[in-house]
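Me: I should like to learn how to read several features of a structural model. Please take me through them one at a time.

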Amino acid sequence: MDFNFTEEQTMLRDMLSRYLADTYNFDARQKVVHGGKGWNPAVWQAFAEELGILGASFSEAHGGLGGGAIENMVLMEEMGRAIVLEPYLSTVVIGGGALKHVGGAIADAVIPSIIAGTTRIAFAAYEPQGRFYLNDLTTTLKGGQLNGHKAVVEGAAHATHLLVTARTAGGQRDAGGVALLLIPADAKGITRRDYLTVHGTSASEVYFENVAVGAEHVLREEALPLIEAVVDEATAALCAEACGVLKVLHATTLDYAKQRKQFGKAIGDFQVIQHRLVDMFMEVEQAVSMTMMATLKLDTAERSAAVSMAKAKVGKAAKFVGQNAVQIHGGIGITQELAVGHYFKRATLIENQFGSVDFHLSRYEGIALAA
Amino acid sequence: MDLNFSAEDVAFREEVRAFIRDHYPAYLNEKIDEGEEMAKEDFLAWHKVLHEKGWISPAWPVEYGGTGWTATQRYIWSEETARADCVRLMPFGLSMVGPVIYTFGTPEQKAKFLPRIRSGEDWWCQGYSEPGSGSDLASLRTRAERFTGDDGKEYYRVNGQKTWTTMAQHADWGFFLVRTDPAAKMQEGISFLLIDMKTPGITVRPIITLGGEHEVNEVWLEDVIVPVENRVFHENKGWTCAKFLLAHERTGIAGVAASKRNVERIKQVARNTADGGDALLANPFFKRKVAELEVDLAALEYTELRTLAGESSGKGPGPESSLLKIKGTEIQQRLTELALEAAGTYGAPYFRSMGEGDNSFAVGPDSARRTAPVYFNMRKTSIYGGSNEIQRNIIAKMVLGL
C-alpha cells in the first residue's frame, strides 16, 4: 500500500495549479461566464499546447504521458480549486476513457486529437425520464437511424463529437440492447436547445431526428457494462473536482471567520463557529480519503461499490460544506460578489451529477447488502 | 499510489493468521460471550502469548522492543486480530505510559519499567481525571509536595482524588498527573508521577456503570509517599507528557478493524432476524443505516491510512488524530445502536440477573444478549480520552489556527 504521489504527479499538479493561479482568477472566470459561451477556447488550447495536460491520462503509444486515473484525480482536484469551466471531464475522462476501453483503430484515430485539443466530446447519455439510470433509454438506433432526446448535455454546444447511448433492442430499461456511439456533433438531424447551467458552463437539450449512423460510429454494440465503467471513472474524477471545490470553500470560510468581527471579536473566536469549521474540515478530509479509495479501486472488482460509497460521502460533504460556508459568511455569501457563492453553486450541482446521495446508497446496497 | 499488498505483506498476513489460529487462547471469547467476569489472568492470557512471540509492542521503537513493522504490517495486524475476535490488550501500559517512558523517561526508568510493561508483569492504570477536572483536565488539584526524607532522599507527598480510573482494581502501578506548583498557571505546575499502587494511603473504590460492569474506580490518595526518581520528565512539565500521551491514545482509538468486524456481525444478525415476514436487512430503513455506516467507516479507514502514511514518512501522531477519535467513536456508538435495534425486544432482558455463566436461563438469541449493556457502556467513547467536543477544540486551535 502506498498513499504518496509520484514526482511526476506532483509536478503535474504544480504546473496546472500555477497556470490557474496566474490566468484563471475569479474575475477572469466570471468574464467567461458572462460571455455566455460556457468556456474559453484559449484556456483549452493552453491545456493542450502550453501545459500538455490533456494527454496526462493517455498511453504513450497514443501520444500521452502514460498516466491514468490518478492523473485525472490530480488534475480534476486542481480544476475544482479554480471552478474551471472547460470540458476536461466530458472530453478526456469520459470520451477519452470510453475510447481507451474500446481500443483499436478508432481509439488510435481520435485520442491523439483529444490530446491536441482539437476533439472535444460531450456525453449525451441521460434522458428526461431516465433520471440517473444509464439503462433507462428511449433514444433508439434502428436501421442506421438515431432518434431521441438527451437531457442537459454539458458542452454539447462547443463539442466536436457527441458520445451517445442508444437502444438497439429490448425494453426501455433492459440492460441488453444498449449501444455506445461516437458521432460528429454537427451531423444532419441533430438539433439543440442551448443554455447555461447555474454555475456557468454551457449545456443543451439534444434532439436526434433520423440521424444517419454508420457502423464506423458504433464504439460498442452491447455497451452498458462499458458505459457503467466509464461513468464510474467519471464519478471518481468528479469526486476529485469536488475535493478541490470543498477545500477552497473551507479555506475561504476559515479565513473569513478570522477576519470578520462581530460583538467586538472575530466570529472565529466563538466556539459554535469553531466547531462548525472543524466539522467542515472533517468532511473535507473524509471526501479526500474516499476519492483516493475510489480512484485506486477503479480497476478492481470492487469498482462500483467503491465509487458509490465515495460519491455518497462526497455528495453529503458537498452539501454540508457548501451550506455552512454560505452560513458562516452570512448575507454576503448569498450574493454574486464573492467567489464563495460560486463554489457553493458548483458543489451543489456536483451533489446530483452522476447520481444523488440516495441513488448511490441504493446502488451500494444493491451490490453489497443483499438480505 | 496503490492499494495492493506486496508479496511480503501477503506472506506476513499468512504468518499472522496462522499464529493467531495456533496460539490464541480461545476460551476468552467463550467467557465474554457467557458474560462471565474476566479475571486479571484472563486479560493477560493473550498479552503473555504475544510477549513470548515478541509481538506485544509493534509500534514501539525497535530498541525498546518494537517489531519494526511497517505501517502496512501494523494495519494487517490490527485487521487480523479483529477478524479473529482477539480480545483487546489493555492500553494503559502498552499504548500510554510505555511511549511516555521511552520518549521522556530516564535510562533507569526505561530499564525498570519497559520490560515489565511488555511482559505484563506490571498492570498500569491512568490517574488523570478528578471529580472537579474532566474535560478541563489542567484544573486538576491532586497535590504533590516535595520534601526530604529522613534517609536524605527526595520525595513527594501526594494528596487528592482521581476518578474514572479504568481497571485500577487490578493495577500494580499508576501514572498520575499531580500539581507540584499550585502558584503556576494551570498547565505549568503539573508533574507526571509513576506511583506503586501498593503504596500506603491509596484506596481504590469501584464505580459501577450502566451495564452493570466494574471497569472504573475512584482512587483516593492520602499522604502517599512517592520517590522523586519516579517523576517522568521535568518537575512542572508533566503537561508535555500528558499531551503526548493523549495524542498517542487517540490514534488507536479509531478502532477501524474492530468496527469492520462489528458491521459484519450486525449484517449477519440482520440477515437472520425476521422483520415483518422478511429479513431485517431487507428493511429499507435498517439497510440504509447499515449502508451509511459502512460508507462512514470506509471514510474513516482511508483517512486513518492516509494519516499512517504521513506518520511513516516521519510525522508523529498530530492533532489530526482528533479526527480519528471523533469519527471512530461515533461509528463505534452507531454500531451499538444498530445492534440494540436489531435485538428488538430481546434487548431488554438483563443477562446479569439470570445468574452468572448459567446458560439454562438464557432467553432470546445469543446475539441480543449483551446488546443493551454494550450500548450503555460505549457511551463512554465520546467522553473519554478528551471528549469529542474537546477534540473539536484541539482541531480548531492546532489545525485551523482559530
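**The contact between the chains**

Reply: The contact draws 30 residues from chain A and 32 residues from chain B, where two residues are in contact if their C-beta atoms, placed from the backbone, lie within 7 Å. This is a predicted model, in which local features need pLDDT of at least 70 and side-chain atom pairs count only at pLDDT 80 or more, while totals for chains, interfaces and linings use all residues. Residues are numbered from 1 along each chain as its sequence is written, and chains are lettered from A and ligands numbered from 1 in the order in which they are written.

Me: Which helices of chain A each supply at least two residues of the side that touches chain B?

Reply: They are α8 (271-296), α9 (303-329) and α11 (357-368) of chain A; helices (H or I, at least four residues) and strands (E, at least two) are DSSP runs, numbered from the N terminus. The largest share, 13 residues, comes from α8(A). By class, this side of chain A has 19 nonpolar, six polar and five charged residues. Here Ala, Val, Leu, Ile, Met, Phe, Trp, Tyr, Cys and Pro count as nonpolar, Asp, Glu, Lys and Arg as charged, and the others, Gly among them, as polar.

Me: How is the packing of two helices to be read?

Reply: Two packed helices are described by the angle between their axes and the distance between the axes. Axes are lines fitted to C-alpha atoms, for helices over the stretch in contact, and angles run from 0 to 180 degrees between N-to-C directions. In chain A, the axes of α7 (residues 224-259) and α10 (residues 339-352) come within 10 Å and cross at roughly 150 degrees. The two helices α7(A) and α10(A) are therefore roughly antiparallel, a term for angles over 145 degrees. Residues making this contact include A:Leu238 and A:Val245 of α7(A), and A:Tyr343 and A:Phe344 of α10(A). The contact of α7(A) with α10(A) comprises twelve nonpolar, two polar and two charged residues.

Me: At what angle do α4 and α8 of chain B pack?

Reply: Helix α4 (residues 71-83) and helix α8 (residues 256-272) of chain B pack at about 35 degrees, with their axes 8 Å apart. The contact is made by B:Ser78, B:Glu79, B:Ala82 and B:Arg83 of α4(B) with B:Ala257, B:Ala258, B:Lys260 and B:Arg261 of α8(B). Its residues divide into three nonpolar, one polar and four charged.

Me: Is helix α4 of chain A largely enclosed or hardly covered?

Reply: A residue is buried if 20 or more other C-beta atoms lie within 10 Å of its own, exposed if 12 or fewer, and partly exposed in between. In α4(A), 13 of the 13 residues are buried, so this helix is largely enclosed by the rest of the structure. By contrast, α1(B) is hardly covered, with one buried residue among its 17.

Me: Which residues have a positive phi without being glycine?

Reply: B:Met167 has a positive phi of about 60 degrees and is not a glycine. The residue B:Met167 lies in the loop between β3 (154-162) and β4 (173-179) of chain B, and counts as partly exposed because it has 18 C-beta neighbours inside 10 Å. Phi of B:Asn236 is near 70 degrees. The place of B:Asn236 is in the loop between β8 (231-232) and α7 (238-252) of chain B, and with 15 C-beta neighbours inside 10 Å it too is partly exposed.

Definitions and conventions:
Angles under 35 degrees count as roughly parallel, over 145 as roughly antiparallel, 65 to 115 as roughly perpendicular and the rest as oblique.
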